Amino acid sequence: MQIKVNGKDLVLEKELSVKELIDEQRIEAPEYVTVQLNEEFVDKNDFSSIIIKDGDSIEFLYFMGGGRI
Amino acid sequence: MIVIIKLTQRHCEQILNYCQNEAPNEACGLLGGIIDEDVKIVKKVYLLTNVDQCPEHFSMDPQEQFAAIKDMRTNGWFLLGNFHSHPKSPSRPSEEDKRLAFDPEVSYLILSLMEEGYPILKSFRIQKDTVSEETIKIIAGGA
Ligand SMILES: [Zn+2]
């Protein structure tokens, strides 16, 4: 099956959960990643239960922020 | 490694005006553009909401971040970097800025408004605890 990750095509051998894809993509510091699946925000608590399907488009985005100290 | 980032005068004014208007709160945004050999060329400055609305912290609005990234993609641009202001501190990454810098490829621009009338804009690459300064080249004009 084929999906889009951050706008780029990716072929997957089988369906994966959002969490499994994060692991497979070796995304560092996943606790700071915001995810959109087909334009909808995915709650962090649902990362393991939501399964990515053929033709889905998923976006990973790092939290961007900082502080004074 | 890329060490030069080019902005137009207009881009710099956009960043400066936005940060001054948002002061005393920190302001933030994203930079989209192209990479030509080893030079980053900024094409558009995206002014984002600091959802913290705070003088000592900033967090970009994820919805606006996604919208900016999609606009860049539509135009064939890349996320080159981001900026934020330091209304009361120098233009260098704080410990928290470093801790929350997850992308070693992007430029982290910091505009210090500490000294009235002398805004200072610098650009950094941050890889874990290693901070290196990049050269900012400002080209005249711009849209
Ligand atoms: Zn900062």
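This is a conversation between a visitor and a guide about a predicted model.

Visitor: Let's start with helix 1 of chain B. What makes its length agree with that expected of a helix?

Guide: Helix 1 runs over residues 9-22 of chain B and has 14 residues. At 1.5 Å a residue one expects 20 Å, and the distance from its first C-alpha to its last is 20 Å.

Visitor: Which residues of helix 1 of chain B are buried, and how do you know that they line one face of the helix?

Guide: The buried ones are His11(B), Cys12(B), Ile15(B), Tyr18(B) and Cys19(B). Seen down the axis of helix 1 of chain B, they fall within an arc of 135 degrees, so they line one face. There is a general reason behind such spacing: an α-helix has 3.6 residues a turn, so residues three or four places apart point the same way.

Visitor: And helix 2 of chain B: what span should its 14 residues have?

Guide: Helix 2 covers residues 62-75 of chain B and should span 20 Å; its end C-alpha atoms are 20 Å apart, which agrees. Its buried residues are Gln65(B), Phe66(B), Ala68(B), Ile69(B) and Met72(B). Their arc around the axis is only 160 degrees, which puts them on the same side of helix 2 of chain B.

Visitor: Why is the pair Arg68(A) and Glu56(B) called a salt bridge?

Guide: The cut-off is 4 Å between a side-chain nitrogen of Lys or Arg and a carboxyl oxygen of Asp or Glu. In this pair the closest N and O atoms are 3.1 Å apart, and the pair forms a salt bridge. Arg68(A) lies in the segment after strand 8 (65-67) of chain A, while Glu56(B) lies in the loop between strand 3 (39-48) and strand 4 (57-59) of chain B, so the pair joins two chains.

Visitor: Are those two residues buried, exposed or partly exposed?

Guide: Partly exposed is the class for values between 20% and 50%. Arg68(A) has a relative accessible area of 34%, so it is partly exposed, and Glu56(B) is partly exposed too, at 38%.

Visitor: How many salt bridges are there over all chains?

Guide: The count comes to ten. One of them links Asp9(A) with Lys4(A), with the closest N and O atoms 3.0 Å apart. Another links Glu95(B) with Lys98(B), at 3.2 Å. Glu95(B) and Lys98(B) are three residues apart in helix 3 (residues 95-99) of chain B, so about one helical turn separates them.

Visitor: What makes Glu95(B) exposed and Lys98(B) buried?

Guide: Exposed means over 50% and buried means under 20%. Glu95(B) has a relative accessible area of 52%, so it is exposed. Lys98(B) is at 17%, so it counts as buried.

Visitor: Now the empty space. Which residues lie nearest the centre of the largest pocket?

Guide: The largest pocket holds about 1200 Å³ of space and is lined by 35 residues, with Asn6(A), Tyr62(A), Leu79(B), Asp103(B) and Val106(B) nearest its centre. Strand 7 of chain A gives the most to this lining, with four residues. By class, the lining has 21 nonpolar, four polar and ten charged residues.

Visitor: How many cavities of 30 Å³ or more does the structure hold?

Guide: It holds one. About 80 Å³ of space lies in the largest cavity, and of its 13 lining residues the closest to the centre are Met64(A), Asn82(B), Leu100(B), Ala101(B) and Tyr108(B). Its lining has eight nonpolar, three polar and two charged residues.

Conventions. Residues numbered from 1 in each chain as written. Chains lettered and ligands numbered in written order. Predicted model: local features only at pLDDT ≥ 70, side-chain atom pairs only at ≥ 80, totals over all residues. Heavy atoms only, no water. Expected span 1.5 Å × (residues − 1). Buried < 20%, exposed > 50% of the residue type's maximum accessible area, 1.4 Å probe, protein only. Arc of directions from axis to C-beta. 1 Å grid on protein atoms, 1.4 Å probe; cavity = no way out; pocket = protein on both sides within 12 Å on 5 of 7 lines; lining within 4 Å. Points joined across faces, edges and corners; volume = space filled by probe spheres on them. Nonpolar A, V, L, I, M, F, W, Y, C, P; charged D, E, K, R; others polar.
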